[in-house]
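Work through the exercises below with the model open beside you. Try each task before you read its solution.

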Amino acid sequence: MDRQGSVGQLYAAVAAFAKEYLPTAEQWCVALSGGADSLALTAVAAAMLPTTALIVDHGLQSGSAEVAVTARTQALGLGCVAAQVLSVQVSGDGGPEAAARTARYVALQAARADRPVLLGHTLDDQAETVLLGLGRGSGARSIAGMRPYDPPWCRPLLGVRRSVTHAACDELGLVAWQDPHNTDRRFTRNRLRHEVLPLLEDVLGGGVAEALARTATALREDTGLIDTLIAQALSTSATDGGLDACALRALPDPVRRGVIRSWLLAGGATGLTDKQIRGVNTLIIDWRGQGGVAVGSKLHGQRLVAGRRGGVLTLQAEPI
């Protein structure tokens, strides 16, 4: 493989990632959509270790099966030892993007067979994720972006611009699939990509995507210690029926809110906002017998309500 130019940048990024996070890996998988990011990543990964391409067919577009077959053929041509097409059914709450993402990760998890999975997320994806987090207003964790390594998920290209993966495909003579969903302005992320980020780049004089990605990295580093404290506090405050409110009250406020967030997510909550987390926090620090706080749920047709019974925080499912 030619390791000059854009291909060389990708190779260096994946090699550095593997050295830091996967030093003993003997094989891995790549989640391949057929788009430029994952296709370029597959080419580089297959040149480094035995690679299995996992191609998820969501069945949401006409011709998706043909796109998946083409991606499989490309993966084998790039030297992958195997390439599997995973057909999924997309359904559930949270909108089409969230439902497709959930179905995709479930399929990848089932097919990976204890191997790490490389994902083609780039610096541009990270910048978009930070902006989405800012818009939700759900705290520092929400704008800390995607983790480079969140086993089994590996994101070796988070420091690489999307333009580099496209250029790498050109260098390698690869024809990437152009997903029409990526230009559909009905999707929030696409509007951020095509409208908001270019405007910010223009107004602020460039470098915005890199700055957002650096912000995410700094926040992840800063939250490393607090994550440890949160895990310790969650284990010591847990009771059979929920969480010990008195034990939580003694915690520093950021740690307490982190425990609340982790507890709610573990209980099946989705789409948490900072307002909801602070509302539950009020049940601990300013308890006056008030009602509970409703949050979104993974359960179809139900919501979750965090409440307090005496000295214990509880989480109950209720019909919507």
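The exercises cover an annotated region, a sheet and a group of aromatic rings.

This is a predicted model, where local features need pLDDT of at least 70, side-chain atom pairs count only at pLDDT 80 or more, and totals for chains, interfaces and linings use all residues. Residues are numbered from 1 along each chain as its sequence is written, and side-chain values use heavy atoms, with hydrogens and water left out.

**Exercise 1. Describe the chain over residues 243–296.**

Step 1. Start with the record. An unreviewed UniProt entry annotates residues 243–296 as "domain: tRNA(Ile)-lysidine synthase substrate-binding". Such annotations may be inferred rather than shown by experiment.

Step 2. Turn to secondary structure. Helices (H or I, at least four residues) and strands (E, at least two) are DSSP runs, numbered from the N terminus. Over this stretch the chain is 57% helix and 15% strand.

Step 3. Check the ends. Their C-alpha atoms are 19 Å apart.

**Exercise 2. Find the edge strands of the six-stranded sheet, then the helix that packs on the sheet.**

Step 1. Write the order: β7-β8-β12-β11-β10-β9, an open sheet with antiparallel pairing. Two strands pair if DSSP finds at least two bridges between them.

Step 2. Look for strands that pair on one side only. These edge strands are β7 (238–239) and β9 (269–270).

Step 3. Follow β9 inward. Two bridges join β9 to β10 (residues 293–297), and the two strands run antiparallel. T270 has G296 of β10 as its bridge partner.

Step 4. Add the helix. Helix α10 (residues 253–266) packs on the sheet and touches β8, β9, β11 and β12. Contact means heavy atoms within 4.5 Å. The direction of α10 makes about 35° with that of β12; axes are lines fitted to C-alpha atoms, for helices over the stretch in contact, and angles run from 0 to 180 degrees between N-to-C directions.

**Exercise 3. Classify the ring pairs that Y149 makes with F17 and with Y21.**

Step 1. State the rule. Rings of Phe, Tyr and Trp (its six-membered ring) pair if their centres lie within 6.5 Å; planes under 30 degrees apart are stacked, over 60 edge-to-face, the rest tilted. The count is four aromatic pairs.

Step 2. Take F17 and Y149. Their centres are 6.2 Å apart and their planes at 80°, so the pair is edge-to-face. F17 lies in helix α1 and Y149 in strand β5, 132 residues apart.

Step 3. Judge exposure (buried under 20% relative accessible area, exposed over 50%, partly exposed in between; 1.4 Å probe, protein chains only). F17, at 6%, is buried. Y149, at 28%, is partly exposed.

Step 4. Take Y21 and Y149. Centres 5.2 Å apart and planes at 40° make this pair tilted.

Step 5. Combine. F17, Y21 and Y149 form one aromatic cluster.
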